[in-house]
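These entries record what I looked up in one structure, in the order in which I took up each topic.

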Amino acid sequence: MSIILTLILLGVIVLIHESGHFFMAKFFKMPVFEFAIGMGPKIFSWKKGETVYSIRALPLGGFVNIGGMQPEEFDLENFKREKIDEIAEILKEEEDFENLEMDDEKFVDEVEKRVNLEMREEEKRQNYISKNGFYTKSPFARFAVLIAGVVMNFISAIIAIFIMLSVTNMKPMELTEPVVGVVRSDSKVNGKLEKNDKILEINGKKIQNWKEMTKEISKIGKNYKDENISLKILRNNKEMTQNVKLTYYGEAKSNLLGIQVLQKKLTFGEKINSTFYTFKDYFKMTLDGVKMLVTGKVGMNDMTGPVGLPKIVGMAYSNGGALALLGIFILISINIGIMNLLPIPALDGGRILFVLPEFFGIKINKKIEEKIHIIGMIFLIAIMLIIVFFDITKYF
């Protein structure tokens, strides 16, 4: 079950990412010859217009094949030779031709007829690429196509955060006022704190939000010796001071006040504000992770790859259901967005790096650029294999 859920999650995220490239390429009238989810051999495909839509065997990544993105010269004679061999093999398996030899007139005529048809189609295709291909477009158009996948990942993460906040009705702790909603009956503050009390100060330190309140209590609780804690609270628009004691809770292994936050129904404006605030937090957390990886504070063996991900997804789903999966969707979407922005050849960020100088009139040799991207792809495959290796040793 966890593997199926992981494949669905990754499939949706990749579909969203590649859709960004696809629709932006279509918008700028670039030829798109394939839209693929997964890598490796095709297991299912269909063609509509010029585009083949395919699902491939390896559920890792995907791609949009935009005409003219690889600047190699088209070799018509080589194409013809390949097609002759390919069509000859196909004809040998057809009922009308299976008993004919390679030099039979009927066989030769049929091969020539089909090859000529393929040649005409390919010449049209190459002519279309030469007029509308990726590198014939302006730097802005190419930049828009390359950045679109990342933008779609970020937009989908923002929408998912909004849905999550709408369901849970909970704001980030930094945006939540320190107002008491529930006082636990087994707490020592029971009878001293009441619902709707707003905590203004703890031992003279001003408190602005629920996060600051929990942080301060956590700090006091580490070396707590059953001493009184001074709380300045606002009750019925009147400020008052209460001396309280913390209660030790075994399940949390901490000394706590024993209160829960007051939950209010979020307004639409609060949901929007909380959504972008939460997105910023996720974004910063992911950037910090990348920074620690680059600086060596986190090793490759600490990363979770495609082998370990189903275990995490399965645990999250069993503990938190669909909402937990939504949280993982948000994390992976932002991770994929940021990773694709890294200035590594073959990634979107690496390709953008070669487009930016063209805004200032600096041209870069496309063949050299493509060779650099091939090296980048080899590097990325090597990194992925290392992560998979550590995944296998860690989980099995």
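Entry 1, terms. Before placing any residue in a loop, I fixed the elements: helices (H or I, at least four residues) and strands (E, at least two) are DSSP runs, numbered from the N terminus. On that basis I located N203 in the loop between β4 and β5. I also noted that I am working with a predicted model.

Entry 2, overall form. I listed nine helices and ten strands in the protein. I then looked up the radius of gyration, which is 30 Å; the globule rule gives 21 Å for 396 residues, so the protein is more spread out than a compact globule. The C-alpha trace spans about 105 × 50 × 40 Å along its principal axes. Of the 396 residues, 39% are buried. I also looked at contacts between residues at least 6 apart in sequence, and 66% of these join residues at least 24 apart.

Entry 3, nonpolar cores. I recalled that nonpolar side chains tend to be buried together in soluble globular proteins. The largest nonpolar core here has 27 residues, and those with the most contacts inside it are F279, V313, I330 and I334. I traced its sources to α1 (2–27), α4 (139–168), α6 (268–295) and α7 (309–341), each of which supplies at least two residues. Helix α7 gives the most to this core, with eleven residues. Taking F279 by itself, and leaving out residues up to four places away in sequence, I found that F279 touches F154, A157, I158, I161 and I334. Another core, of 21 residues, lies apart from the largest one and includes A25, A141, V145 and V355.

Entry 4, helix α8. Is this helix buried or exposed? I found that seven of the eight residues of α8 (residues 348–355) are buried, so the helix is largely enclosed by the rest of the structure. The buried residues are D348, G349, G350, R351, I352, F354 and V355.

Entry 5, the sheet. I followed an open sheet of four strands, in the order β5-β4-β6-β7, with antiparallel pairing. Its edge strands are β5 (205–206) and β7 (238–244), each pairing on one side only. Between β6 (residues 229–235) and β7, which run antiparallel, I noted seven bridges. In one of the pairs I looked up, I229 has V244 in β7 as its bridge partner. Helix α5 (residues 210–222) lies across β4, β5 and β6, and runs at about 45° to β4.

Entry 6, N255. I placed N255 in strand β9 (residues 254–256). Its relative accessible area is 16%, so N255 is buried, given that the cut-off for buried is under 20%. What does the side chain of N255 reach? I found the backbone oxygen of G221 at 3.0 Å from that side chain. Not counting residues up to four places away in sequence, N255 touches I217, G221, Y224, L246, T247 and Y248.

Entry 7, K188. I found K188 in the loop between β3 (180–183) and β4 (198–202). With a relative accessible area of 45%, K188 is partly exposed. Residues up to four places away in sequence aside, K188 touches D226, K245, L246 and T247. The side chains of K188 and D226 are joined by a polar contact of 3.4 Å. I also checked K188 against L257: the two are 69 residues apart along the chain, and their C-alpha atoms are separated by 7.5 Å.

Entry 8, backbone angles. Most residues other than glycine have a negative phi. I therefore examined two asparagines with this general rule in mind. N169 is not a glycine, yet has a positive phi of about 60°. N169 is found in the loop between α4 and β3, and counts as buried at 18% relative accessibility. N203 is likewise not a glycine and has a positive phi of about 50°. Returning to the loop of the opening entry, between β4 and β5, I noted that N203 counts as partly exposed at 45% relative accessibility.

Terms used: Residues are numbered from 1 along each chain as its sequence is written. This is a predicted model: local features need pLDDT of at least 70, side-chain atom pairs count only at pLDDT 80 or more; totals for chains, interfaces and linings use all residues. Side-chain values use heavy atoms; hydrogens and water are left out. Buried means under 20% relative accessible area, exposed over 50%, partly exposed in between (1.4 Å probe, protein chains only). Contact means heavy atoms within 4.5 Å. A polar contact is a pair of N or O atoms within 3.5 Å; within protein, one must be able to donate a hydrogen and the other to accept it, and residues adjacent in sequence count only if both atoms are side-chain atoms. Two strands pair if DSSP finds at least two bridges between them. Axes are lines fitted to C-alpha atoms, for helices over the stretch in contact, and angles run from 0 to 180 degrees between N-to-C directions. A nonpolar core is a set of buried Ala, Val, Leu, Ile, Met, Phe, Trp, Tyr and Cys residues joined through side-chain atoms within 4.5 Å. The radius of gyration is taken over C-alpha atoms; the globule rule is 2.2 Å times the number of residues to the power 0.38.
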